[in-house]
Amino acid sequence: MTPTLVFDIETIPDIAGIRRANALPVALGDADVLDWALQQRRAAAGNDFLPLHLHRVVAIACALREGENFRVWSLGEAADAEPELIRRFFDGIDRYAPQLVSWNGGGFDLPVLHHRSLVHGVAASRYWDWGDDDRDYRYNNYLSRFHTRHLDLMDVLASFQPRACAGLDAMARLCGFPGKLGLDGAEVHAAYQAGRIDDIRRYCETDVLNTYLLYLRFQQMRGTLSAGQYAAEVSLAREKIATSSEPHWREFLAAWDTSASTPG
């Protein structure tokens, strides 16, 4: 069976990159650089969300279902630099050639990883294969929006219509799963500045597990998993995190128990 790899990233503004790309003076402080960039963005787009190439990756979390095993973890160490995190992610794709699953990965996570890989010179031959090395990838690769080797659940469920997209937190809660815990994406930069990288990594891991549980529900909806198989897969994921003493998994399980009266 093809391994399944669910992933999510967390980012902060790349202040050094903003400075370099716009030839801003070295004497300009980081806070002023960011304020300038946000003002430029508001004037151009009407919001504070920076272009994807100006996001710096600070955490990548994965859930891997392979053989009889399932695990959720953050790549690398908390102190690892961005290039090392990205390298580890694409090394995993080279190693497992997995079914890749995300929530809005096609609209955010992967484009960020593409741009940042180019900046840092990170190679990813399997991921970028369009069929040059493996003929099967000509007809189903990670890069095409309408191929399934990467399944962006949010995009697929919305029938590829942006106005129909739903948020991960809302869909997880509607299906009886815990939803987002600890942080929100908009709070990641402030948490990073406060030195809370461990909290960011834990938050990213819980997002990945919510996505994986929704993926299982999607597979049941498609008929790929029977009701019994779906229940067994959900139980396996629950059992694995129940063995952890990490506080975010205890909180996740408590929230899951609270939502037990809803579908899920």
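What follows is a walk through this predicted model, starting from its main core and moving out to some single residues.

A few ground rules come before the tour. Residues are numbered from 1 along each chain as its sequence is written, and side-chain values use heavy atoms, with hydrogens and water left out. Since this is a predicted model, local features need pLDDT of at least 70 and side-chain atom pairs count only at pLDDT 80 or more, while totals for chains, interfaces and linings use all residues.

Let's begin with the largest nonpolar core, which has 34 residues. A nonpolar core here is a set of buried Ala, Val, Leu, Ile, Met, Phe, Trp, Tyr and Cys residues joined through side-chain atoms within 4.5 Å. Buried means under 20% relative accessible area, exposed means over 50%, and partly exposed is in between (1.4 Å probe, protein chains only). Leu209 and Leu213 touch the most other members of this core. The elements giving it two or more residues are β2 (55–66), β3 (69–74), α6 (153–157), α7 (168–174), α9 (197–222), α10 (227–242) and α11 (247–258). Those labels come from DSSP runs, numbered from the N terminus: H or I of at least four residues for helices, E of at least two for strands. With nine residues, α9 gives the most to the core. Go to Leu209 and you'll find it touching Phe70, Val72, Ala237, Ile241, Trp249 and Phe252, leaving out residues up to four places away in sequence; contact means heavy atoms within 4.5 Å. There is also a second, separate core of 26 residues, and among its members are Phe7, Leu64, Ile86 and Phe90.

Now for α9 itself. The expected span of a helix is 1.5 Å times one less than its number of residues. For the 26 residues of α9 that comes to 38 Å, and the end C-alpha atoms are 37 Å apart, which agrees. This helix is largely enclosed by the rest of the structure, because 20 of its 26 residues are buried. Just after α9, Gly223 takes a positive phi of about 90°.

Two residues on the way are worth a stop. Asp207 is found in α9, and it counts as buried because its relative accessibility is 3%. Asp207 touches Asp8, Glu10, Leu168 and Lys180, again not counting residues up to four places away in sequence. Cys204 counts as buried too, at 0% relative accessibility. Its sulfur is 8.3 Å from the closest cysteine sulfur, in Cys62, so that pair is too far for a bond. In fact, the structure holds zero disulfides, a disulfide being a pair of cysteine sulfur atoms within 2.5 Å. Cys165 is in no disulfide either, and the nearest cysteine sulfur, that of Cys175, is 16 Å away. Cys165 counts as partly exposed, at 29% relative accessibility.

Next, turn to α11. Its 12 residues should span 16 Å, and its end C-alpha atoms are 17 Å apart, which agrees. The buried residues of α11 are His248, Trp249, Phe252, Leu253 and Trp256. They cover an arc of only 135° around the axis, so they sit on the same side of α11. That arc is taken from the directions from the helix axis to the C-beta atoms. As background, an α-helix has 3.6 residues a turn, so residues three or four places apart point the same way. What covers the buried residues of α11 includes β3, α9 and α10.

Over to the strands β4 and β5. Gln99 lies in β4 (residues 99–102) and counts as buried, at 18% relative accessibility. Its side chain reaches the backbone oxygen of Arg149 at 3.3 Å. The residues Gln99 touches beyond four places in sequence include Thr2, Leu5, His150 and Tyr215. His150, in β5 (residues 150–152), is buried with a relative accessible area of 7%. A polar contact of 2.8 Å joins the side chains of His150 and Ser102. Such a contact is a pair of N or O atoms within 3.5 Å; within protein, one must be able to donate a hydrogen and the other to accept it, and residues adjacent in sequence count only if both atoms are side-chain atoms. Beyond its neighbours within four places in sequence, the contacts of His150 include Phe7, Gly105, Leu110 and Tyr142.

Last comes Ala21, in helix α1 (residues 15–21). Ala21 counts as exposed, at 60% relative accessibility. The C-alpha atoms of Ala21 and Leu54 are separated by 9.3 Å, with the two residues 33 apart along the chain.
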